[in-house]
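Biologist: Could you take a close look at one helix for me, and then follow the chain on to the strands after it? I'd like to know what faces where and what pairs with what.

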Amino acid sequence: MRRISFFIAIAIVLFPTAAFAQDGVKISGRVLDENTGEAIIGASISVVSEKSGAATNFDGDFSVVVKALPATLSVGYLGYKTLEVDVYEYTEPLTIQLHEERNFLSEVVVVGYGTQKRKELTGSIATVSKVALEQQASSLDKLLGGAVAGLTVTEGSGQPGSTSSIRIRGEGSISANNEPLFIVDGFILHNSNTATGTNLGGTTNGVGGAGISGGSIDSNLNPLTSINPADIESIDVLKDISATAIYGAQGANGVILITTKKGKRGKSTINYSATLGIQNVSKKLDLLSGDQWSDLYAELSANGKGPYDSSQLYSSSKLVPQGQTADWQGELYQEAFQQNHNISISGGGEDYRYLVSGNYTDQEGIVRNTDLKRYAGRINFDKDVFKTFKIGTNLSVSRTTQRGLSSSGITAAIRTTPLMKIYDSTTDDGFSYYNPFDTSD
């Protein structure tokens, strides 16, 4: 009899709690990343003014019980802004999207030898801003110039596709390579700069020269031009020597981490962008006219300064008539047209994401017969096989061609006498090569 009375007393005490739990409202939902649409695992959900709460599972799902509606849910996760959601009526599962927190001082950073909070990290890590990444550029190194403190980019020349000297915190070696290590989606991009150019023809003859000189191109083909800047999602720069803990001796000059764009869950979207532009020489050198050059030549001849013969002035059919001037700079430079086209298709479902992109770049140089052309394509695909297992592929194809001219060609155009004709119908290619003022023999 005493046992029966005891159980009855316990039931009377617990009954209000059980009745209250049955009267509560169960709220379910899913927490996603606002940018990628991926599920956030382990996000905390707490009911404001109550002690109940929950955490999201591997699919980002959660469920909590509130006393009554309306109720306010506080949703948070490391690296994201805490969001408060007011629930007035509940008819279907909620979809909550968290926005990335830009203040990363409390974020945990994974390094090669452990984890640290960013504010306690002694090594220097910098991120290229979204504004810099949205700029139009023909190659990756053009985006880096002035984008990160301590990183300098010096272009080898104004030639399209020319190599650039990239230094993180200055030179680290007197004779060895000082270029940083480039990592694209986890793969090393070798920035060896070993390509060579082809001879464009022409010769240089004595005083004033006799046309545009050839030779190997002034700067080699830039390996970084194989990457389409429009495909880049983010760029992180490891500027500290501690990068060697992750990448070994290859990271001694710093590491530049490049992450390309990936697909997001949702309907398929098509994006297309195009840019067009024209480049001109801002200022040409002010050189002697034909008559001025002739007067100087005659003065040197009269003073016996060198083997000059003033009788050659305007005496050859290879020279322009008196009072005229051959504009070698005008013949060398041109109005350069450039165009850049990008197209991408992205989307995904609950367990897969994809992005396919293509690029065509055609950039003419301000020097005739110099240009850069690139055809690039990329496929990024990710598949969730299990809750804790994913597979993916990053495939990129690029074909880049470049035509260049040595710096001696520009020098020859400046030094060539303005009396010499540019075109000669008697030669195979229609250009003049004979210079009557040549004294190299």
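Modeller: In helix α5, the buried residues are Gly290, Trp293, Ser294, Tyr297 and Ser301. Looking down the axis of α5, you find these buried residues within an arc of 100 degrees, so they line one face of the helix. That fits a simple rule: an α-helix has 3.6 residues a turn, so residues three or four places apart point the same way. Flip to the other side of α5 and you get Asp295 and Ala302, which are exposed. Bear in mind that this is a predicted model.

The length of α5 checks out too. The helix covers residues 290-302, and its 13 residues should span 18 Å at 1.5 Å a residue; the end C-alpha atoms are 18 Å apart, so the two agree. Just after α5 comes glycine 304, with a positive phi of about 70 degrees.

Now for the strands. β18 (residues 336-348) runs antiparallel to β19 (residues 352-364), and eleven bridges join them. Glutamine 338 sits opposite glutamine 363 of β19. The two strands, β18 and β19, make a hairpin with three residues between them.

β19 also pairs with β20 (residues 371-386), again in the antiparallel sense, over 13 bridges. Here tyrosine 354 has phenylalanine 381 in β20 as its bridge partner. β19 and β20 form a hairpin as well, this one with six residues between the strands. In that turn, asparagine 369 has a positive phi of about 65 degrees.

Key: Residues are numbered from 1 along each chain as its sequence is written. This is a predicted model: local features need pLDDT of at least 70, side-chain atom pairs count only at pLDDT 80 or more; totals for chains, interfaces and linings use all residues. Side-chain values use heavy atoms; hydrogens and water are left out. Two strands pair if DSSP finds at least two bridges between them. Helices (H or I, at least four residues) and strands (E, at least two) are DSSP runs, numbered from the N terminus. The expected span of a helix is 1.5 Å times one less than its number of residues. Buried means under 20% relative accessible area, exposed over 50%, partly exposed in between (1.4 Å probe, protein chains only). The arc is that of the directions from the helix axis to the C-beta atoms.
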